[in-house]
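Visitor: Please take a close look at one residue in this structure and its contacts, and then follow the chain outwards to the parts around and beyond it.

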Amino acid sequence: TALKKTAVERINTAGVDVESLRVKLLGRKGELTTLLKGMKNVPAQDRKTVGEVGNHVRQTITNLLAEKKAAEEVAKLNKQLASETIDVTLPGSSHVVGQPHVLQQIIDEIEQHFLGLGFKIIDDTVDSPEVETDEYNFERENLPKDHPARDMQDTFYITPEILLRTQTSPVQSRSLEKHDFSKGPLKMIAPGKVYRRDTDDATHSHQFHQVEGMVVGENITMADLKGTLLSIMQALFGEKHQIRMRPSYFPFTEPSVEVDVSWNEVTPDMKPEDIEWIEVLGAGMTHPNVLRMDGVDPEKYSAFAFGLGPDRFAMLKYGVDDIRQFYLNDIRFLSQFNQKG
Ligand code: PHE
(Lines give C-alpha, C1' and ligand atoms only; values in the text may rest on other atoms or scores of the structure.)
Protein backbone atom coordinates (compact mmCIF):
# COMPACT_ATOMS: atom_id res chain seq x y z
CA THR A 1 0.00 0.00 0.00
CA ALA A 2 2.86 2.31 0.77
CA LEU A 3 4.33 1.45 -2.62
CA LYS A 4 1.01 2.27 -4.30
CA LYS A 5 0.94 5.65 -2.61
CA THR A 6 4.47 6.62 -3.58
CA ALA A 7 3.96 5.19 -7.05
CA VAL A 8 0.91 7.38 -7.53
CA GLU A 9 2.83 10.41 -6.33
CA ARG A 10 5.76 9.60 -8.57
CA ILE A 11 3.50 9.19 -11.56
CA ASN A 12 1.77 12.49 -10.93
CA THR A 13 4.97 14.42 -10.46
CA ALA A 14 6.90 12.56 -13.14
CA GLY A 15 8.23 14.73 -15.88
CA VAL A 16 8.47 13.53 -19.40
CA ASP A 17 9.59 10.02 -19.25
CA VAL A 18 6.58 7.85 -18.41
CA GLU A 19 8.12 4.86 -20.10
CA SER A 20 11.17 4.67 -17.85
CA LEU A 21 8.96 5.06 -14.81
CA ARG A 22 6.88 2.12 -16.03
CA VAL A 23 9.99 -0.02 -16.29
CA LYS A 24 11.07 1.02 -12.80
CA LEU A 25 7.72 0.11 -11.25
CA LEU A 26 6.32 -2.74 -13.33
CA GLY A 27 9.28 -4.07 -15.30
CA ARG A 28 10.73 -7.53 -14.79
CA LYS A 29 13.03 -6.17 -12.13
CA GLY A 30 10.59 -3.42 -11.17
CA GLU A 31 9.68 -2.55 -7.62
CA LEU A 32 6.18 -4.07 -7.63
CA THR A 33 7.35 -7.15 -9.46
CA THR A 34 10.05 -7.70 -6.84
CA LEU A 35 7.46 -7.21 -4.10
CA LEU A 36 5.09 -9.78 -5.64
CA LYS A 37 7.93 -12.21 -6.10
CA GLY A 38 8.25 -12.09 -2.29
CA MET A 39 4.81 -13.77 -2.07
CA LYS A 40 6.35 -17.09 -1.21
CA ASN A 41 7.43 -15.65 2.13
CA VAL A 42 3.92 -14.52 2.96
CA PRO A 43 2.00 -16.83 5.27
CA ALA A 44 -0.44 -18.95 3.25
CA GLN A 45 -3.61 -17.53 4.87
CA ASP A 46 -2.56 -13.97 3.92
CA ARG A 47 -1.54 -14.74 0.34
CA LYS A 48 -4.96 -14.19 -1.15
CA THR A 49 -5.36 -10.74 0.37
CA VAL A 50 -1.80 -9.68 -0.39
CA GLY A 51 -2.21 -10.99 -3.95
CA GLU A 52 -5.42 -9.02 -4.43
CA VAL A 53 -3.89 -5.87 -3.06
CA GLY A 54 -0.85 -6.41 -5.24
CA ASN A 55 -2.94 -6.84 -8.38
CA HIS A 56 -5.05 -3.86 -7.46
CA VAL A 57 -1.94 -1.78 -7.04
CA ARG A 58 -0.57 -2.98 -10.40
CA GLN A 59 -3.90 -2.18 -12.08
CA THR A 60 -3.99 1.29 -10.58
CA ILE A 61 -0.41 1.99 -11.56
CA THR A 62 -0.96 0.69 -15.09
CA ASN A 63 -4.07 2.83 -15.57
CA LEU A 64 -2.39 5.92 -14.22
CA LEU A 65 0.63 5.41 -16.42
CA ALA A 66 -1.56 4.98 -19.47
CA GLU A 67 -3.45 8.18 -18.68
CA LYS A 68 -0.24 10.01 -18.07
CA LYS A 69 1.21 8.74 -21.33
CA ALA A 70 -1.88 9.77 -23.28
CA ALA A 71 -1.83 13.23 -21.70
CA GLU A 72 1.82 13.55 -22.55
CA GLU A 73 1.15 12.73 -26.18
CA VAL A 74 -1.64 15.27 -26.41
CA ALA A 75 0.63 17.91 -24.88
CA LYS A 76 3.38 17.07 -27.35
CA LEU A 77 0.99 17.32 -30.29
CA ASN A 78 -0.40 20.64 -29.06
CA LYS A 79 3.09 22.02 -28.69
CA GLN A 80 3.97 20.97 -32.21
CA LEU A 81 0.77 22.45 -33.62
CA ALA A 82 1.41 25.72 -31.80
CA SER A 83 4.95 26.00 -33.14
CA GLU A 84 3.81 25.27 -36.68
CA THR A 85 0.89 27.68 -36.72
CA ILE A 86 0.92 30.28 -39.48
CA ASP A 87 -1.04 33.40 -38.79
CA VAL A 88 -2.10 34.43 -42.27
CA THR A 89 -3.35 37.76 -40.98
CA LEU A 90 0.13 38.94 -39.97
CA PRO A 91 1.80 41.35 -42.42
CA GLY A 92 4.45 39.56 -44.51
CA SER A 93 8.11 40.39 -44.28
CA SER A 94 9.24 42.49 -47.21
CA HIS A 95 12.05 41.49 -49.56
CA VAL A 96 14.41 43.76 -51.38
CA VAL A 97 13.80 43.16 -55.07
CA GLY A 98 16.31 44.16 -57.70
CA GLN A 99 15.37 46.29 -60.67
CA PRO A 100 16.97 47.57 -63.85
CA HIS A 101 19.20 50.62 -63.49
CA VAL A 102 17.33 53.85 -64.25
CA LEU A 103 19.32 54.30 -67.47
CA GLN A 104 18.49 50.77 -68.51
CA GLN A 105 14.83 51.56 -67.90
CA ILE A 106 15.04 54.47 -70.34
CA ILE A 107 16.94 52.35 -72.87
CA ASP A 108 14.29 49.61 -72.53
CA GLU A 109 11.58 52.18 -73.27
CA ILE A 110 13.44 53.40 -76.35
CA GLU A 111 14.00 49.82 -77.54
CA GLN A 112 10.32 48.94 -77.13
CA HIS A 113 9.33 51.92 -79.21
CA PHE A 114 11.74 51.16 -82.05
CA LEU A 115 10.88 47.46 -82.04
CA GLY A 116 7.32 48.62 -82.69
CA LEU A 117 8.57 50.60 -85.69
CA GLY A 118 10.24 47.49 -87.11
CA PHE A 119 13.83 48.37 -86.17
CA LYS A 120 16.29 45.73 -85.06
CA ILE A 121 18.36 46.20 -81.94
CA ILE A 122 22.07 45.64 -82.31
CA ASP A 123 23.36 43.35 -79.58
CA ASP A 124 25.86 45.46 -77.65
CA THR A 125 27.78 42.39 -76.51
CA VAL A 126 28.52 41.23 -80.06
CA ASP A 127 28.32 43.82 -82.83
CA SER A 128 28.94 46.98 -80.87
CA PRO A 129 32.34 46.96 -79.09
CA GLU A 130 33.24 49.65 -76.56
CA VAL A 131 36.89 49.18 -77.36
CA GLU A 132 36.98 50.32 -80.98
CA THR A 133 39.47 51.07 -83.68
CA ASP A 134 40.25 54.57 -84.87
CA GLU A 135 39.04 53.38 -88.26
CA TYR A 136 35.47 52.61 -87.19
CA ASN A 137 35.11 55.33 -84.59
CA PHE A 138 36.46 58.12 -86.82
CA GLU A 139 37.70 57.33 -90.33
CA ARG A 140 34.65 55.44 -91.51
CA GLU A 141 32.53 58.20 -90.02
CA ASN A 142 34.15 60.61 -92.45
CA LEU A 143 36.68 61.84 -89.91
CA PRO A 144 40.12 61.24 -91.44
CA LYS A 145 43.21 61.70 -89.27
CA ASP A 146 43.84 65.40 -88.53
CA HIS A 147 40.22 66.28 -89.29
CA PRO A 148 39.51 69.31 -87.07
CA ALA A 149 36.17 67.86 -85.94
CA ARG A 150 38.05 65.15 -84.05
CA ASP A 151 38.50 67.80 -81.39
CA MET A 152 34.74 67.69 -80.79
CA GLN A 153 35.25 64.39 -79.00
CA ASP A 154 38.24 64.13 -76.66
CA THR A 155 39.35 60.54 -76.90
CA PHE A 156 40.84 57.91 -74.61
CA TYR A 157 43.41 56.21 -76.83
CA ILE A 158 44.72 52.80 -75.83
CA THR A 159 47.18 52.60 -78.73
CA PRO A 160 47.37 55.03 -81.67
CA GLU A 161 44.84 52.79 -83.48
CA ILE A 162 42.70 51.49 -80.62
CA LEU A 163 40.48 53.63 -78.44
CA LEU A 164 37.42 53.69 -76.23
CA ARG A 165 34.62 54.65 -78.59
CA THR A 166 33.52 58.26 -78.21
CA GLN A 167 30.16 57.63 -79.87
CA THR A 168 27.95 54.73 -80.95
CA SER A 169 28.25 55.86 -84.58
CA PRO A 170 30.85 53.16 -85.44
CA VAL A 171 27.97 50.69 -85.11
CA GLN A 172 26.54 52.30 -88.28
CA SER A 173 29.42 50.87 -90.30
CA ARG A 174 29.48 47.59 -88.43
CA SER A 175 25.80 46.96 -89.19
CA LEU A 176 25.92 48.24 -92.75
CA GLU A 177 28.78 45.89 -93.59
CA LYS A 178 26.67 42.91 -92.56
CA HIS A 179 23.41 44.09 -94.08
CA ASP A 180 21.86 42.29 -97.02
CA PHE A 181 19.84 44.84 -99.01
CA SER A 182 18.04 42.14 -100.97
CA LYS A 183 16.11 41.61 -97.72
CA GLY A 184 14.97 45.24 -97.49
CA PRO A 185 16.26 48.44 -95.90
CA LEU A 186 18.47 48.52 -92.80
CA LYS A 187 16.59 49.84 -89.77
CA MET A 188 18.54 49.58 -86.57
CA ILE A 189 19.19 51.10 -83.20
CA ALA A 190 22.35 50.47 -81.18
CA PRO A 191 22.27 51.38 -77.49
CA GLY A 192 25.61 51.41 -75.73
CA LYS A 193 28.20 53.05 -73.57
CA VAL A 194 30.65 55.67 -74.80
CA TYR A 195 33.67 57.43 -73.29
CA ARG A 196 35.18 60.88 -73.58
CA ARG A 197 38.09 62.56 -71.90
CA ASP A 198 36.01 65.06 -70.00
CA THR A 199 36.54 66.30 -66.49
CA ASP A 200 33.60 64.98 -64.53
CA ASP A 201 31.19 67.53 -63.15
CA ALA A 202 27.43 67.81 -62.71
CA THR A 203 26.76 67.82 -66.45
CA HIS A 204 29.80 65.93 -67.79
CA SER A 205 30.81 62.37 -67.27
CA HIS A 206 33.74 60.56 -68.90
CA GLN A 207 31.32 57.66 -69.44
CA PHE A 208 27.75 57.97 -70.66
CA HIS A 209 25.27 56.28 -72.96
CA GLN A 210 24.04 56.78 -76.48
CA VAL A 211 21.41 55.15 -78.63
CA GLU A 212 22.47 55.24 -82.26
CA GLY A 213 19.80 54.93 -84.89
CA MET A 214 20.08 54.43 -88.63
CA VAL A 215 17.80 53.75 -91.58
CA VAL A 216 19.32 52.99 -94.98
CA GLY A 217 17.18 52.26 -98.01
CA GLU A 218 15.72 53.62 -101.20
CA ASN A 219 14.15 57.08 -101.03
CA ILE A 220 14.85 57.68 -97.35
CA THR A 221 14.29 61.38 -96.73
CA MET A 222 14.57 63.98 -94.03
CA ALA A 223 10.79 63.70 -93.56
CA ASP A 224 11.34 60.08 -92.49
CA LEU A 225 13.94 61.28 -90.00
CA LYS A 226 11.62 63.91 -88.58
CA GLY A 227 8.66 61.54 -88.32
CA THR A 228 10.80 58.92 -86.59
CA LEU A 229 12.23 61.38 -84.09
CA LEU A 230 8.82 62.93 -83.38
CA SER A 231 7.40 59.49 -82.61
CA ILE A 232 10.15 58.54 -80.15
CA MET A 233 10.04 61.94 -78.42
CA GLN A 234 6.28 61.75 -78.02
CA ALA A 235 6.64 58.22 -76.70
CA LEU A 236 9.17 59.41 -74.09
CA PHE A 237 7.76 62.83 -73.18
CA GLY A 238 4.08 62.58 -74.10
CA GLU A 239 1.79 63.09 -77.08
CA LYS A 240 1.50 66.85 -76.64
CA HIS A 241 5.22 67.51 -77.07
CA GLN A 242 6.69 68.77 -80.31
CA ILE A 243 10.17 68.73 -81.81
CA ARG A 244 12.10 71.21 -83.87
CA MET A 245 15.24 70.83 -85.95
CA ARG A 246 18.06 73.35 -86.06
CA PRO A 247 20.92 73.24 -88.59
CA SER A 248 24.11 71.84 -87.13
CA TYR A 249 27.30 70.10 -88.14
CA PHE A 250 28.50 66.51 -87.93
CA PRO A 251 31.12 65.12 -90.30
CA PHE A 252 29.05 61.99 -90.98
CA THR A 253 25.76 63.69 -91.88
CA GLU A 254 24.84 66.29 -94.44
CA PRO A 255 22.64 68.11 -93.76
CA SER A 256 23.03 67.79 -90.00
CA VAL A 257 20.54 68.90 -87.39
CA GLU A 258 20.28 69.36 -83.69
CA VAL A 259 16.89 68.36 -82.38
CA ASP A 260 15.00 70.07 -79.57
CA VAL A 261 11.91 68.80 -77.79
CA SER A 262 9.38 71.11 -76.19
CA TRP A 263 9.67 71.10 -72.42
CA ASN A 264 6.05 72.15 -72.06
CA GLU A 265 3.03 70.64 -73.78
CA VAL A 266 2.18 72.42 -77.01
CA THR A 267 -1.41 73.45 -77.72
CA PRO A 268 -2.71 74.88 -81.05
CA ASP A 269 -3.45 78.33 -79.56
CA MET A 270 0.10 78.71 -78.23
CA LYS A 271 2.45 81.42 -79.54
CA PRO A 272 5.79 80.05 -80.76
CA GLU A 273 7.66 82.13 -78.20
CA ASP A 274 5.75 80.41 -75.40
CA ILE A 275 7.34 77.08 -76.24
CA GLU A 276 10.41 76.21 -74.21
CA TRP A 277 12.84 74.09 -76.23
CA ILE A 278 15.54 71.78 -74.91
CA GLU A 279 18.19 70.15 -77.01
CA VAL A 280 18.07 66.37 -76.91
CA LEU A 281 19.95 64.86 -79.83
CA GLY A 282 22.01 65.13 -82.99
CA ALA A 283 20.96 63.71 -86.34
CA GLY A 284 21.11 64.13 -90.08
CA MET A 285 21.13 62.58 -93.53
CA THR A 286 24.07 60.19 -93.79
CA HIS A 287 26.99 61.65 -95.73
CA PRO A 288 27.59 59.89 -99.10
CA ASN A 289 31.23 59.31 -98.07
CA VAL A 290 30.08 57.20 -95.15
CA LEU A 291 27.81 55.08 -97.34
CA ARG A 292 30.54 54.66 -99.92
CA MET A 293 33.12 53.55 -97.33
CA ASP A 294 30.62 50.95 -96.08
CA GLY A 295 30.10 49.63 -99.59
CA VAL A 296 26.71 51.22 -100.20
CA ASP A 297 26.00 53.09 -103.43
CA PRO A 298 24.83 56.62 -102.46
CA GLU A 299 23.19 57.00 -105.89
CA LYS A 300 20.90 54.10 -105.13
CA TYR A 301 20.40 54.41 -101.38
CA SER A 302 19.98 57.25 -98.95
CA ALA A 303 20.03 57.17 -95.18
CA PHE A 304 19.43 59.04 -91.97
CA ALA A 305 21.11 58.59 -88.61
CA PHE A 306 20.67 59.97 -85.12
CA GLY A 307 22.34 59.70 -81.76
CA LEU A 308 20.44 60.31 -78.55
CA GLY A 309 21.54 60.32 -74.93
CA PRO A 310 19.62 58.26 -72.34
CA ASP A 311 21.52 59.99 -69.50
CA ARG A 312 20.13 63.34 -70.56
CA PHE A 313 16.62 61.91 -70.92
CA ALA A 314 16.79 60.40 -67.44
CA MET A 315 18.00 63.73 -66.01
CA LEU A 316 15.14 65.58 -67.68
CA LYS A 317 12.51 63.00 -66.86
CA TYR A 318 13.37 62.66 -63.17
CA GLY A 319 14.88 66.05 -62.44
CA VAL A 320 18.31 64.59 -61.67
CA ASP A 321 20.77 67.48 -61.50
CA ASP A 322 24.05 65.55 -61.41
CA ILE A 323 24.95 63.05 -64.14
CA ARG A 324 27.57 61.41 -61.89
CA GLN A 325 24.77 59.95 -59.77
CA PHE A 326 24.09 57.40 -62.52
CA TYR A 327 27.56 55.93 -62.13
CA LEU A 328 28.07 55.97 -58.35
CA ASN A 329 25.75 52.99 -57.78
CA ASP A 330 24.47 54.42 -54.54
CA ILE A 331 21.51 52.20 -53.76
CA ARG A 332 19.67 55.10 -52.04
CA PHE A 333 19.74 57.02 -55.33
CA LEU A 334 18.96 54.07 -57.59
CA SER A 335 16.09 52.65 -55.56
CA GLN A 336 14.11 55.86 -56.16
CA PHE A 337 13.42 54.65 -59.68
CA ASN A 338 11.55 51.51 -58.74
CA GLN A 339 9.34 50.77 -61.72
CA LYS A 340 6.60 49.36 -59.52
CA GLY A 341 6.65 52.37 -57.21
N1 PHE B 1 27.61 60.72 -82.94
C2 PHE B 1 27.09 62.04 -82.67
C3 PHE B 1 27.61 62.49 -81.32
O4 PHE B 1 28.05 61.70 -80.54
C5 PHE B 1 25.58 62.05 -82.67
C6 PHE B 1 25.04 61.78 -84.04
C7 PHE B 1 24.76 60.49 -84.43
C8 PHE B 1 24.79 62.82 -84.92
C9 PHE B 1 24.25 60.24 -85.70
C10 PHE B 1 24.29 62.59 -86.17
C11 PHE B 1 24.02 61.31 -86.57
O12 PHE B 1 27.61 63.67 -81.02
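Guide: At 36% relative accessibility, Lys-69 counts as partly exposed, a class lying between buried (under 20% relative accessible area) and exposed (over 50%), with a 1.4 Å probe and protein chains only. The model is predicted: local features need pLDDT of at least 70 and side-chain atom pairs pLDDT 80 or more, whereas totals for chains, interfaces and linings use all residues. Residues are numbered from 1 along each chain as its sequence is written, and side-chain values use heavy atoms, without hydrogens or water.

Lys-69 belongs to helix α4, residues 44-83; helices (H or I, at least four residues) and strands (E, at least two) are DSSP runs numbered from the N terminus. Leaving aside neighbours within four places in sequence, Lys-69 is in contact with Val-18 and Glu-19, contact meaning heavy atoms within 4.5 Å. By comparison, 73 Å separates the C-alpha atom of Lys-69 from that of Ile-121, 52 residues apart along the chain.

Val-18 leads on to helix α2 (residues 18-26), where the buried residues are Val-18, Leu-21, Leu-25 and Leu-26. These residues lie on the same side of α2, because they cover an arc of only 100° around the axis, taken from the directions from the helix axis to the C-beta atoms. An α-helix has 3.6 residues a turn, so residues three or four places apart point the same way.

Elsewhere, helices α5 (residues 102-116) and α10 (residues 310-318) have axes that come within 9 Å and cross at roughly 105°. This crossing makes α5 roughly perpendicular to α10, the term for angles of 65 to 115 degrees. On the α5 side the contact includes Ile-106, Ile-107 and Ile-110, and on the α10 side Phe-313, Ala-314 and Tyr-318. The residues of this contact divide into nine nonpolar, one polar and three charged.

Two residues of that contact, Ile-110 and Phe-313, recur in the largest nonpolar core, which has 41 residues; they are among those with the most contacts inside it, as are Leu-229, Met-233, Leu-281, Phe-306 and Phe-326. Such a core is a set of buried Ala, Val, Leu, Ile, Met, Phe, Trp, Tyr and Cys residues joined through side-chain atoms within 4.5 Å. Helix α8 (residues 222-237) gives the most to this core, with six residues. Not counting residues up to four places away in sequence, Met-233 touches Gly-238, Ile-243, Val-261, Val-280, Leu-281, Leu-308 and Phe-313. Apart from this core lies another, of 13 residues, including Leu-176, Phe-181, Val-216 and Val-296.

The loop between α6 (134-137) and β3 (162-164) holds Asn-142, and Asp-146 is found in the loop between α6 and β3 as well. Asn-142 has a positive phi of about 70° although it is not a glycine, and for Asp-146, also not a glycine, phi is positive at about 70°. Asn-142 counts as buried, at 13% relative accessibility, whereas Asp-146 counts as exposed, at 76%. Beyond four places in sequence, Asn-142 touches His-147, Pro-251, Phe-252, His-287, Asn-289, Val-290 and Met-293.

A further backbone feature is the peptide bond from Glu-254 to Pro-255, which is cis with omega near -5°. Pro-255 lies in strand β7, residues 253-262.

Definitions and conventions: Axes fitted to C-alpha atoms, helices over the stretch in contact; angles between N-to-C directions. Parallel < 35°, antiparallel > 145°, perpendicular 65-115°, else oblique. Nonpolar A, V, L, I, M, F, W, Y, C, P; charged D, E, K, R; others polar.
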